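This report looks at strand pairing, nonpolar cores and a helix crossing, in that order. The sequence and structure come first.

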Amino acid sequence: MAELLEERSEEMPLAEAALPIQGMTCASCVATIEGALRNLDGVVEVRVNLTAEKGFVRYDPRRVNLRDIARTVHEVGYQVGVEELDLQVTGMTCASCVATIEGAVSNLEGVEKVVVNLNAGTARVWYYPGIVTPSQIKRAIRDLGYGASERLEGPEALDREREARQREIRRQGIWMLVSWPLALLVMIGTFQEMWILPRFVPEILRNRLVLFAFTTPIVFGPGWQFFVNSYRGLRHGVIDMNLLYATGIGSAYLIAVINTFWPDAGFGGPRATFYEAAALLTAFIILGRYLEALTRGRTSEAIRKLMSLQPKVARILRDGQEREIPADEVEVGDVVVVRPGERIPVDGIVLEGYSAVDQSMLTGESMPVEKRPGDEVIGGTMNKTGAFKFQATRVGKETALAQIIKLVEDAQASKAPIQRLADLVAGKFVLGVYVLSLAVFLFWFFFGYHRFFDPATRFMLTPYTLGSVSVFGFSLLISVAVLVISCPCAVGIATPSAMMAGTGKAAENGILFKGADAIEATSKLDTIVFDKTGTLTKGKPSVTDVVPAPEFSQEEVLRFAAVAEVNSEHPLGEAIVQGARERGLKIEEPEVFHAIPGHGVEARFGGREILLGNRRLMGEHGVDSSLLLPEAERLENDGKTVMFMAVDRKLAGLIAVADTLKEYSLEAIQILHRMGLEVVMITGDNRRTAEAIARKLGIDRVLAEVLPQDKAQEIKALQAQGRRVAMVGDGINDAPALAQADVGIAIGSGTDVAKETGHVILIKEDLRDVVTAIEVARATMRKVKQNLFWAFVYNTVTIPAAAGLFYPWIHQIVSPELAAFLMAISSLTVTLNTTLLKRFAPSLKYLKVKAEPQPAMAPVAGGRG
């Protein structure tokens, strides 16, 4: 066997890998994994070590790769440990840069997946430790000509990103100051004999040597970056937009130089000196780079705002003294002092003091929230009025702000399904343009020029005629215009830029999308399923109606009922006691108390006998309840739990208790209906109760008497009807249903957002945030579609125009400088269109409707009647 392995090793180069394997518990796990991997074609040797939790594999990389090996391990029920590496990448300028980096890093053995975000300037790499290292990944990116460093967190990341962006703006700004004055001189010199220019422009500027002297610093100064980056890419077998630019600039400049110094070389002669094309082409590309550097950061403004909320200093009490320390050094349990106008450094619970805190940047709440002892405060929020002390409960990466930033960053690093087509186009675009440009050159050189050329040909959008240009010069002009005018950048940034802006805008309103796919799915919803208890309702019963019999008042009925229930632990009894206290009634202890299971309670107070319970209890004690039976039936039809009360065997009144609806439930559902969505309620309650709630809220469909474990099946049944379903729940009991739904929306998550199950997380318990989440998703996807439409239409229209498709009829061609201008404008248009999302505001902010809490109506499970 050993000899056979040696022979096979000589025949083919074998690779070795030590993979961390998770989930193994015994020797049979080892045998299972080894057996599965040995059956994989291309695997030569497998040794799995249970103690070290590693699998050592020798394999033929030409027949099998690590992804296949990892997938096989996963298929037999185990996991190959994967680590994440977050990198800050500098020097990216367009979508082809993204494709270049993703391609190079993906080709590294040991890399599972890589996602590069152009707008954020980041790369997230999933890799197998031990096979490839972070330094190898960074080196692969740097070898392509880009900067790569591990991402910092919090304010440090913000500072580094800002510095990098400012450096790029400054660099391109300097190159603009160099290129534009010289390019304008070259253009004026080229057209010196036209219009009124001879009166003002000296004839020497027309001299080809002068034009050469002005153009050369542009090409080898500002334009040199394109040649350097092209070389780095070609060295690694990749082509990108830099190569298109370098080819366009280089060919125009080279032909001009040849025809200046060797006019008889056969490249068009003295009239084919296109110095202005090389100069203006460079200047316009630099202008585009400068404008993109200015605008690109705006799409990620929201995440920078969140990062900027993190205070750098905290004031804590230690040994009875106040000390100022860095905020990241606060420990759980520390007592923190906050004064008016200061930001709260970490999460905690108020110990003493009173204040109002502005939480708008995290939760979207417009009004400051009052904070008293026992209330929770969130790190990064602004203390407005009073001073207070609080005990730190979550610090560092555990704070709500850090979790929110992480979720937003994760969402921005993900890719939506709609982006796959754009990535495919952008990735193959450059090579396609080269092939097209060569075909265009050959067509005009061998056929088109002789068949269609007109000496009166003009450059499009200018009054200047081309004159008698050679066949080579004419073909070159058109092919260069095709190279330059094509713009995969607009296609590549259309989706990620909008997704970044959308996730940021959602975060401003207290809504967290866990990925770009969640935004796309949310925009397509047509059915919203609400869980009842804890979602539509508060999950806590309260008194809704007190109906006295003749000779009794509401206060008497409620006070006697509270006295009877004061020692009760039943939810209905607690609701009655709480209702009496809220009305300021004095509640005393009964002299005698006796609970009657399934019926109610019996008590004695002040020498009077009190009965509280269902009608069966009244009947057994000879109390005539017929007087209030119609009222009781009306309340029960409204879905409320009704209890009869008698004093000294005489009917005293009725008390109705229900689980009250959350504030704004009715308003949220009305708006969802106006948006064209079907609203469904799912509950374990009986159908009569559920139907009562549905009538009050205007819910379209009720799924009643559904056990918690069956909720996911009900969601699946709706999906089988072709519906795109969102499930709105509390994120804990509803976890299976949230996971099954197309979009799971976890509501009322508060500050611990990282543990939630849903695809969308709502920090507040305001049901109207479901509306806002859908509006943000739809607005984001509108921007994506607008951007993609513009990008595809731009390339569909301009590339044929630059290729001379319309020349036989209009006798106009696109000059290389106009092509460069249009190319710069196309990607800039996409970026500026995306920044308009900053102006988006949820419709609720326009309505300015302050709804009152809705009346209580939902009964409590386990009632006494």
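Two strands are counted as paired if DSSP finds at least two bridges between them. In this predicted model, strand β13 (residues 355-358) has two such partners, listed in the table, and Val 357 takes part in both pairings, standing opposite Val 369 in β14 and opposite Asn 383 in β16.

| Strand paired with β13 | Residues | Bridges | Direction | Residue opposite Val 357 |
|---|---|---|---|---|
| β14 | 369-371 | three | antiparallel | Val 369 |
| β16 | 382-383 | two | antiparallel | Asn 383 |

The largest nonpolar core of the model comprises 146 residues, and those with the most contacts inside it are Phe 513, Ile 528 and Phe 530. Helix α28 (residues 768-802) is the element that gives the most to this core, contributing 14 residues. Leaving aside residues up to four places away in sequence, Phe 530 touches Thr 535 and Leu 536, then Ile 669 and Leu 672, the run Val 679, Val 680, Met 681 and Ile 682, and finally Val 728, Leu 767 and Val 770. Another core, which lies apart from the largest one, has 26 residues, including Leu 572, Ala 575, Phe 605 and Val 657.

How do helices α2 and α3 cross, and at roughly what angle? The axes of α2 (residues 27-38) and α3 (residues 66-75) come within 9 Å and cross at roughly 135 degrees, which makes α2 oblique to α3. The crossing of α2 and α3 is right-handed, and Ile 33, Ala 36 and Leu 37 in α2 meet Ile 69, Thr 72 and Val 73 in α3.

Notes. Residues numbered from 1 in each chain as written. Predicted model: local features only at pLDDT ≥ 70, side-chain atom pairs only at ≥ 80, totals over all residues. Heavy atoms only, no water. Helix = DSSP H or I, 4+ residues; strand = E, 2+ residues; numbered from the N terminus. Core = buried A, V, L, I, M, F, W, Y, C linked by side-chain atoms within 4.5 Å. Buried < 20%, exposed > 50% of the residue type's maximum accessible area, 1.4 Å probe, protein only. Contact = heavy atoms within 4.5 Å. Axes fitted to C-alpha atoms, helices over the stretch in contact; angles between N-to-C directions. Parallel < 35°, antiparallel > 145°, perpendicular 65-115°, else oblique. Left-handed = near helix turned anticlockwise from the far one by under 90°.
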